[in-house]
Amino acid sequence: MTLLLTVILVALVFEYINGFHDTANSIATVVATKVLTPRQAVTLAACANLLGALWGTAVARTISSGLVDSKLILLSSDIMICALLGAIIWNLLTWWFGLPSSSSHALIGGLCGAALAASNNNWQVIIWSQPNPQHWYQGKGMLWKVIVPMVTSPIVGLILGFVLMALLYVLLRNARPNRVNRFFGKAQMLSAGAMGFMHGTNDAQKTMGIIALTLLGATTAGQLENLPGWLSFLHTPAPPPGEQMQIAVWIKVVCALTMAAGTAVGGWRIIKTLGHKMVKLQPINGFAAETSSAAVILAATHLGIPVSTTHNISAAIMGVGAAKRWNAIKWTVVERMVWAWLLTIPVSGALAYGLVRLLP
């Protein structure tokens, strides 16, 4: 029981770190354009994250049942701790160096690495691909829920950012710069709030899925049979055949509050990279980037796809910068970010794999 509660605690630590690590995703542009002060932007993001985290559970169900085959392996509490620690270590490393990597992919990598080690290198424990013949976008597994979105969602974000920015340039080519800045300064508060809300809907749900998966494993193993009455809410039975797993309300509320608290701390190192180093932003640029990224995340969340908020806002900023002029983007910074993106899943997975192997 103590080990199970430790898993929940470590999961919430990851959620807290996710909050301050990914705060920059939703507020970097609104801070860089000086529409809001850092304190105001963090407050907006924290409130929006809290509301977003309570909205829907499609992504949580994907994490809890769509990536690792729990029938082939009993994901015990110590294994889940190793999975979370792999993601936490990578998040802290990239935060320290100011690299906007993906907390989502770090968690997925940690989960797969830990499951692989616990199954003695049985690669079948990872659900690679389960296509849906009726709706291709509703397939399960790493291919459909992680790999394909990891490539396509940033591309879509970049294209949307480019197109929206180019359209705004055409429509407002004769407008006075001061009037444009005033209007989009106000509009950007709405787009930044939408970005924070969508970040909460997608990112907070990943930890919900991990907690639900851990409690399901403990319930299946009979570890929760003799719980006192006041802890009966921890009991999580498997869903009936053909039905999706439901996420308990208390899990949603705790994860939402934890992410909001982490968001309130802020992540100034990453804000500097996204908001200042990559491309110089004006309010109209920030509005276009945030709106494009929020639209992509909204679509992904609706489909239960755990996409990276970091990848999407970064790509949208690139698209906005490219619409301004191609050399407006500092490509050396982009190159460092892309390397962090590519390394996130394998490195966090390797860390979790090694931690499981060290278990007695």
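Biologist: Just after α7, which residue takes a positive phi?

Modeller: Keep in mind that this is a predicted model. Look just past the end of α7, where the backbone phi goes positive, at about 80 degrees. The residue there is G222.

Biologist: And α7 itself, how far apart are its end C-alpha atoms?

Modeller: Start from the length: α7 has 44 residues, and at 1.5 Å a residue that should span 64 Å. The expected figure agrees with the model, because the end C-alpha atoms are apart by 63 Å.

Biologist: Where is the kink in α7 centred?

Modeller: There is one of about 25 degrees in that helix. Its centre is G200.

Biologist: How many residues of α7 are buried?

Modeller: Buried here means under 20% relative accessible area. By that cut-off α7 is mostly covered, and out of 44 residues the buried ones number 32.

Biologist: On to the rings. How many aromatic pairs does a search of the whole structure find?

Modeller: Ring centres have to lie within 6.5 Å to pair. Searching the whole structure on that basis gives 5.

Biologist: What is the geometry of the pair that F183 and F184 form?

Modeller: Their ring centres sit 5.0 Å apart, with 90 degrees between the planes. Planes over 60 degrees apart get their own label, so this pair is edge-to-face.

Biologist: Is F184 buried or exposed?

Modeller: Take its partner for contrast: F183 has 54% relative accessibility, so F183 counts as exposed. F184 has 5%, which means it counts as buried.

Biologist: Which residue joins F183 and F184 in one aromatic cluster?

Modeller: The cluster has those two phenylalanines plus another one. That other member is F287.

Biologist: What about F233 and W250, how many degrees lie between the planes?

Modeller: That pair is edge-to-face too, with centres 5.1 Å apart. The angle between the planes is 80 degrees.

Biologist: How many residues apart in sequence are the parts that this pair ties together?

Modeller: F233 lies in the loop between α7 (177-220) and α8 (249-265), while W250 is in helix α8. F233 is partly exposed at 40% relative accessible area, and W250 is also partly exposed, at 23%. The pair therefore ties together parts whose separation in sequence is 17 residues.

Biologist: Last one: what is the relative accessible area of S103?

Modeller: S103 is found in helix α5, residues 103-118. Leaving out residues up to four places away in sequence, S103 touches F14, N18, H21, D22 and N91. S103 is buried, and its relative accessible area is 1%.

Key
Residues numbered from 1 in each chain as written. Predicted model: local features only at pLDDT ≥ 70, side-chain atom pairs only at ≥ 80, totals over all residues. Heavy atoms only, no water. Phe/Tyr/Trp six-rings, centres within 6.5 Å; stacked < 30°, edge-to-face > 60°. Buried < 20%, exposed > 50% of the residue type's maximum accessible area, 1.4 Å probe, protein only. Helix = DSSP H or I, 4+ residues; strand = E, 2+ residues; numbered from the N terminus. Contact = heavy atoms within 4.5 Å. Expected span 1.5 Å × (residues − 1). Bend = angle between axes of the 7 residues up to and from the residue.
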